[in-house]
Amino acid sequence: MNATEPMKAIKGGEFLIRETSAESVFIPEEWNEEQLMIAETCTNFLAQQVTPNLQRIDEQEEGLMRHLMDEAGALGLLGISVPEEYGGFGKDFKTAMLVTEKLGAGHSFSVAFSAHTGIGTLPILYYGNDAQKQKYVPKLASGEWKGAYCLTEPAAGSDANSGKTRAKLSADGKYYLITGQKMWITNAGFADVFTVFAKIDDDENLSAFIVEKDFEGLSLNTEEHKMGIKGSSTRQVFFNDCKVPVENLLSERQNGFKIAVNILNLGRIKLGGGTVGASKDVITSSVRYANEREQFGRAISKYGAIKYKLAEQAIRTYAAESAVYRASQNMEEATEMLIASGIDENKAKLKGTEQFAIEAAILKVHASEVLDYVTDEGVQIYGGMGYSAEAPMDRSYRDSRINRIFEGTNEINRLLTVDMMLKRAMKGELDLMGPAQKVAGELVSIPDFGAAEEEGLFTKEKKYIANFKKAILMVAGAAVQKLMMQLSKEQEVLMNLADMLIELYVSESLQLRVEKLVGLRGEEACKEQLDMMRVYINDAAEHIAKSGKEALNSFAEGDERRMMLMGLKRFTKTEDINTTQARRNVAAKLISENKYCF
Amino acid sequence: MRGGAKERVIAGVCLCCMLIKAETHPSTPLKRGIAQSPAFYVNGNNPLAYFSNNINLKNKILIMKILVCISQVPDTSTKIVLKNNNTSVNSDGVTYVINPYDEWYALIRAIELKESGIATEIHLITVGKADVEPVIRKALALGGDEAIRIDAESNDPYETAHYIAEYAAGVGYDLILCGKESIDYNNGTTGAMLAELLDLDYIGFATGISIEANAAVVNREIEGGEETDACNLPLVISCQKGVAEARIPNMRGIMAARTRPLKVITPSGIAAVTEILSYELPPAKAGIKLVSPDDMDELVELLHTEAKVI
């Protein structure tokens, strides 16, 4: 690639070393009329069919979840991103993400929906041959058949490739006989089709198979008793010489792990979208309750302690949402470019997503932790009622927690974030070395006091974000240099680096969104969004400083450490702002609108 | 008050629980200019002649064209803010939806009639400027073959009815359905005025509609019971709860809405017969006091001293 070429599309992970223009990002304020209609259909579907039935769903009333999936299928919601030739609607990635976000407020239903449309459908759509796609995809897109995905085993969770399930060819060569045990299988209780991962004979890597529920040798355990998402069917699936026709091998032998990883990339960013939707819903409940509940003669929303919580819930959610759709747009553009270069559409989708696997992992971690924060504060705002099973916070609190565990735990995803970044640098795909050396040079030079620059509305924040990048390049560069091959074993340092990257990516996405929004609507109409941006970036600077310091203190010593700590201080310095007033402004808007309104 | 004309307040209705003081111009004849206007006749004939042509009685096949009147209203959760010294409503940030009576009952019943093979074509009509188009397309996403937007701004039921009548007479419909009222201004008179202007029969506040041969069988709630009316087509019916069940637009409908025609018609000018003078927000609701069922003394005390009803 020619380094002197002007502005090329941004690649995955490049946010650390490149600037992005506000015009190039997609912001949710730009949804078109059709997308808004689709979103409304999702919201109405939840309001009419799911929300009134949450208790019955959680009790796993016989046939109810299947019925709700049928209804979602009848509305076309199960085939949003499936190509029209396979009975879907061929919508773009952002629209599919919007649907995931809107249905994200559906508790156990949203888990069933996401599992079906994601891991249940996509392996066959993306890796199936024509006959497999023709046979299964239209039925999955319409909802006639429900899908599930069997990867995890009792002893193979995060280390998915270590599974013990085996497949061997039958004597007549017509079948694979699969034997093994799969665990935590979402939708297992009512699924018709399972994508099952198993190793053929003594293969090193997994292969994937399409298994129908009626294939001989497949059986289900009873439902798991879970902390939350109680309405979601989760069972063990047993395979006892399960007879799978040879034509049901998905993709090539030993290609299963790649399928699993690539499908999980998609699942991760989708989980980011779904948790944003759930967060918005919890905020609306929180605001309404705070406006209704009176103590000491006034609504509790009038008290600063509650305003702080409401504002912080909204700020974090708005920031996460900005990052989710920025990355979705990037994936979509990368896919379009690959298609334009002549690559098959499905392969292009996978490759486009894979390019932004770092961002997907970041979003999975960040948005699931935002939802946990939002629900935790939701419970607190509800006070005693927050602890009562009669109020909605009980379910939200319990259902939120799984998001930090499934689709790769947040710890695995943090490790992956840094690991993928460094691997790309080593492969020469991402030039971290040059910028890192530049920062190292800057450390020993006289700081730039830069007073001459004319100040625009976003000058400061852009400068802070540029400095965050320097802070990360400095700490990461030093860690690689000092620890070398040991770095992969220093998980605490990797966690620190991941946290810094997450804060950078989200801060920058938020800043770009607000900048674009001000360009569209004018400064006066975006006062609260500007406040949200200022508060978030102010706090991000502190988080980045803390993580950086922790990392540096763990491996650097003497003068070098002192110099880098001073550099870190310089790169995470922000001007003092009145965050209390800014949060009050954000809260005032929420309170007056009586809902999440950004 | 306008131009010193003799005026009276005719309504104190509510726009999302807001009081409106409106005036009417009593000198305005209700059927002003309509019946006499040649533009309202198809080939110079009475519109009724056209309507009845659509019913093929000989073969007992109904070839029925339905017109559904759609209006745009603020979302029910909208917080109404007044401006210009309480003479207009601030529309900034307001989300608009299809008037529920038009959508859930009139439009869905029309769609059901088409699905059951009774109707062949559904047209949707609305009166409004270009900013109402998202709402009419939303209606098209539910169903309907064609939409018509009369390019005019109207909060006056007579003016609205006039425009719709002007268009409908030129096309000829066998059945015209509308909601019993719009949930913003709650006038509830457009349907009746429309029928009058088109010289058609009118049944208001229907709770059920079926079509048998060339007649509509309509259920209505009346004081202490229900009445069933039968009326030959064509006619105008205003609909309320019971006529149909709400539906959610599906993906197929949403995607088709883009491709369905939306005609924009420039209406002939007509002056509204009512003018809104001012709006008032209702007084804030007083807080609710909960009294323990075991404490009747306190209840009596409160009813006496605070509510002052006993």
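The following questions and answers concern a predicted model containing chains A and B.

User: Which residues form domain 3 of chain A in this predicted model?
Analyst: Chain A is divided into four segments, opening with domain 1 (28-146) and domain 2 (148-253). Domain 4 covers 432-593. Domain 3 of chain A is formed by residues 257-411.

User: How far apart are the C-alpha centres of domain 1 of chain A and domain 3 of chain A?
Analyst: These two domains of chain A touch, with 22 residues of domain 1 and 24 residues of domain 3 taking part in the contact. The distance between their C-alpha centres is 18 Å.

User: Which helix gives the most to the side of domain 1 of chain A that touches domain 3 of chain A?
Analyst: At least two residues of this side come from each of α4 (93-103), α5 (108-120) and α6 (122-127) of chain A. With seven residues, the greatest contribution is that of α4(A).

User: How many nonpolar residues are on the side of domain 1 of chain A that touches domain 3 of chain A?
Analyst: Grouped by class, this side of domain 1 of chain A includes six polar and four charged residues. The nonpolar residues number 12.

User: Which element supplies the largest share of the side of chain A that touches chain B?
Analyst: The contact between the chains involves 13 residues of chain A and 12 residues of chain B. On the chain A side, the classes are seven nonpolar, four polar and two charged. The largest share, eight residues, is supplied by helix α1 (residues 33-50) of chain A.

User: Why is strand β5 (residues 64-69) of chain B largely enclosed by the rest of the structure?
Analyst: A residue counts as buried if 20 or more other C-beta atoms lie within 10 Å of its own. Strand β5 of chain B is largely enclosed because, of its six residues, the number buried is five.

User: Which residue of β12(B) stands opposite B:I66?
Analyst: β5(B) is joined in parallel to strand β10 (residues 119-127) of chain B by six bridges, and B:M64 stands opposite B:A119 there. β5(B) also pairs in the parallel sense with strand β12 (residues 175-179) of chain B, over three bridges. In β12(B), the residue opposite B:I66 is B:L175.

User: Over which residues of chain A does pLDDT stay under 50?
Analyst: Chain A averages a pLDDT of 94, and 97% of the residues score at least 70. Where pLDDT is low, the predicted coordinates should not be read in detail. The stretch under 50 has zero contacts beyond four places in sequence in the model, and it comprises residues 1-6 of chain A.

Conventions
Residues are numbered from 1 along each chain as its sequence is written. Chains are lettered from A and ligands numbered from 1 in the order in which they are written. This is a predicted model: local features need pLDDT of at least 70, side-chain atom pairs count only at pLDDT 80 or more; totals for chains, interfaces and linings use all residues. Domain bounds come from an automatic or database domain assignment. Two residues are in contact if their C-beta atoms, placed from the backbone, lie within 7 Å. Helices (H or I, at least four residues) and strands (E, at least two) are DSSP runs, numbered from the N terminus. Ala, Val, Leu, Ile, Met, Phe, Trp, Tyr, Cys and Pro count as nonpolar, Asp, Glu, Lys and Arg as charged, and the others, Gly among them, as polar. A residue is buried if 20 or more other C-beta atoms lie within 10 Å of its own, exposed if 12 or fewer, and partly exposed in between; C-beta atoms are placed from the backbone. Two strands pair if DSSP finds at least two bridges between them. pLDDT is the predictor's confidence in each residue, from 0 to 100.
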